[in-house]
Amino acid sequence: MSIPANLKYTKDHEWVSLEGDIATVGITHFAQKELGDIVYVEVETLDQSLDKDEVFGTVEAVKTVSDLFLPLSGEIIAFNDTLENTPESVNADPYGDGWMIKVKISNPSEIEELLSSEAYKELIGA
């Protein structure tokens, strides 16, 4: 199972890539595998500021709908709108083309609360 070492993770199975004060967020390989075939990704929080752990959207698979939780407080500045036509990118490439949002981080100290790849591997038993 792919768990890139250069990313940070949450207990809710989101991954975070950091570039300065911008975080790119998606769901992990483990999460997409558990959900199954993803058919829809909805993010209605673009241009909104949310707190850490607030719901920023949902991901719909064939048999379930799951909330997406914001890993860091901040303003949602971008949505991967290619997911509107190709939500299956989340299954095919969760750490690349399947990214979901970009967030302008408002509280950098929260980064310390994210999991390393090793801690995430322990969480999921990988």
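A residue counts as buried when its relative accessible area is under 20%. Keep that cut-off at hand for this tour of a predicted model.

**Stop 1: asparagine 80**

Select asparagine 80, in the loop between β8 and α2 (89–92). Is asparagine 80 buried or exposed? Its relative accessible area is 5%, and the cut-off is 20%, so asparagine 80 is buried. Now show its side chain, which reaches the backbone oxygen of aspartate 97 at 2.9 Å. Leaving out neighbours within four places in sequence, the residues in contact with asparagine 80 are Asp97, Gly98, Trp99 and Met100.

**Stop 2: proline 94**

Next, select proline 94, in the loop between α2 and β9 (101–105). Proline 94 also has a relative accessible area of 5%, and is therefore buried. Add isoleucine 27 to the selection: 67 residues separate the pair in sequence, yet their C-alpha atoms are 6.4 Å apart in space. Isoleucine 27 is one of the contacts of proline 94 once neighbours within four places in sequence are set aside; the others are Trp15, Thr28, His29, Gln32, Ser89 and Trp99.

**Stop 3: the sheet**

Switch to a cartoon view and colour the strands. Six of them form an open sheet, in the order β1-β2-β3-β9-β8-β5, with antiparallel pairing. Why do β1 (8–9) and β5 (49–50) each have one side without a neighbour in the sheet? Both stand at the edges with a single partner strand, so one side of each is left free of a neighbour there. For β5, look at β8 (residues 74–79): the two pair in the antiparallel sense over two bridges. Select serine 49 to find its bridge partner in β8, glutamate 75.

**Stop 4: the nonpolar cores**

In soluble globular proteins, nonpolar side chains tend to be buried together. Here the largest nonpolar core has 20 residues, and Ile27, Val41, Phe56, Met100 and Ile101 have the most contacts inside it. At least two residues of this core come from each of β3 (22–27), α1 (29–35), β4 (38–42), β6 (55–61), β8 and β9. Which element gives the largest share of this core? It is β6, with three residues.

Select valine 41 next. Not counting residues up to four places away in sequence, valine 41 touches Thr58, Val59, Phe79, Leu83, Pro87, Val90 and Met100. Apart from the largest core lies another, of eight residues; to find this second core, select Leu7, Tyr9, Trp15 and Tyr95, which are among its members. Trp15 was also on the contact list of proline 94.

How values were computed:
Residues are numbered from 1 along each chain as its sequence is written. This is a predicted model: local features need pLDDT of at least 70, side-chain atom pairs count only at pLDDT 80 or more; totals for chains, interfaces and linings use all residues. Side-chain values use heavy atoms; hydrogens and water are left out. Two strands pair if DSSP finds at least two bridges between them. Helices (H or I, at least four residues) and strands (E, at least two) are DSSP runs, numbered from the N terminus. Buried means under 20% relative accessible area, exposed over 50%, partly exposed in between (1.4 Å probe, protein chains only). A polar contact is a pair of N or O atoms within 3.5 Å; within protein, one must be able to donate a hydrogen and the other to accept it, and residues adjacent in sequence count only if both atoms are side-chain atoms. Contact means heavy atoms within 4.5 Å. A nonpolar core is a set of buried Ala, Val, Leu, Ile, Met, Phe, Trp, Tyr and Cys residues joined through side-chain atoms within 4.5 Å.
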